[in-house]
Amino acid sequence: MNGIIITLYRTTINMAMPILLVSLGGTITHHAGIINVAMEGLMLAAAFAAVVLSYITGSALIGVLAAIVVAIIFSIFYSFFVTTLKTNNFAIGFALNIFISSFTLYLSRIMFPGENAFNSPKIASIPRVTIDFGVKILNDLFSNFSILVYFAIFLVFAVSYTIYKTPFGLWLRAAGSQPDALNKSGKKVSVIQYTASILTGILCGLSGAQLSLSNVVMFSKDMSGGRGFIALAIILISNGKPSTTLFLALFFGLLDGLSIQLQSTDIPAQFLFMLPYLMAIITLIIMSIRKTQKTDRRISL
């Protein structure tokens, strides 16, 4: 029984980290006044770049850096339409997601003919950190995870501190809530939003790299699997609070872990895999109902 619990715990952590990283990225643009619908595509593009460059060079580090660069490029592209051209962020976000899904599939079929997935022993995975605490249970709980797992936990505190305790964080929040006041203070809203988009690209790049070079060492068609949309739900539920984002990412990671653990049962696999997305939809519906009720109370008063 303990072995099952430990396995579920470790699976939960591994499944939660890509969601956490992409959610933290979207949190930054959320505070800057951009609801980032393109995170699913950014994550997928990063996962593809990470695998290809890791395979070509034999270096996980170069794979991670490639993932970050590609995610930043697409993030700036998205920001150009939303920030500069003032287009509908949902329309351009979904268009970008569809384009990246098709483009990565097209490239993978060209580079690795006839396959919707690519796996090779030449793909260098992200190293795992082994810490010997001298106690087995502590080793099971805190050792032998990807470097990015530990870094993601650190980023929760770093992003929170940046948003709420630094001048840049103040400008970031002002860009989303008081853009006119920010402009009058001498800071350009567009510059802050572009900076936020670059930071989001970095975190989405790390998320894609964690998914494709650690959780599974491969690339497959649409392997982001809706995690970008789950991240969007997490951001809306948490209202952009990094600490709440951490707990929600772990919750959805647990649902992912349960869906994997329960595959040996008679429960249909399709139902298990839709659990995280079903919970995200239910949570957003409850939030919407509560928000409507609060608005109605204010109107009645």
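In this predicted model, the buried residues of helix H10 are Arg227, Gly228, Ile230, Ala231, Leu232, Ala233, Ile234, Ile235 and Ser238, so that, under the cut-off of 20% relative accessible area, nine of the twelve residues of H10 count as buried and the helix is mostly covered. Helix H10 runs through residues 227-238 and reaches 16 Å from its first C-alpha to its last, close to the 16 Å expected at 1.5 Å a residue. The residue that follows H10 is Asn239, which has a positive phi, near 55°.

The protein as a whole has 13 helices and four strands, and its overall values are collected below.

| Property of the protein | Value |
|---|---|
| Share of the 301 residues that is buried | 46% |
| Share of contacts between residues at least 6 apart in sequence that join residues at least 24 apart | 76% |
| Exposed area | about 14800 Å² |
| Share of the exposed area supplied by carbon and sulfur atoms | 68% |

In soluble globular proteins, nonpolar side chains tend to be buried together. Here the largest nonpolar core has 73 residues, and those with the most contacts inside this core are Leu20, Tyr78, Leu172 and Leu206. Helix H2, which covers residues 39-57, contributes the largest share of this core, namely eleven residues.

Leu172, one of the residues with the most contacts inside the core, can be followed further: once its neighbours within four places in sequence are left aside, Leu172 is in contact with Ile28, His31, Ala32, Ile163, Ile192 and Ala196.

Terms used. Residues numbered from 1 in each chain as written. Predicted model: local features only at pLDDT ≥ 70, side-chain atom pairs only at ≥ 80, totals over all residues. Heavy atoms only, no water. Core = buried A, V, L, I, M, F, W, Y, C linked by side-chain atoms within 4.5 Å. Buried < 20%, exposed > 50% of the residue type's maximum accessible area, 1.4 Å probe, protein only. Helix = DSSP H or I, 4+ residues; strand = E, 2+ residues; numbered from the N terminus. Contact = heavy atoms within 4.5 Å. Areas by Shrake-Rupley, 256 points an atom, 1.4 Å probe, with all protein chains shown as cover. Expected span 1.5 Å × (residues − 1).
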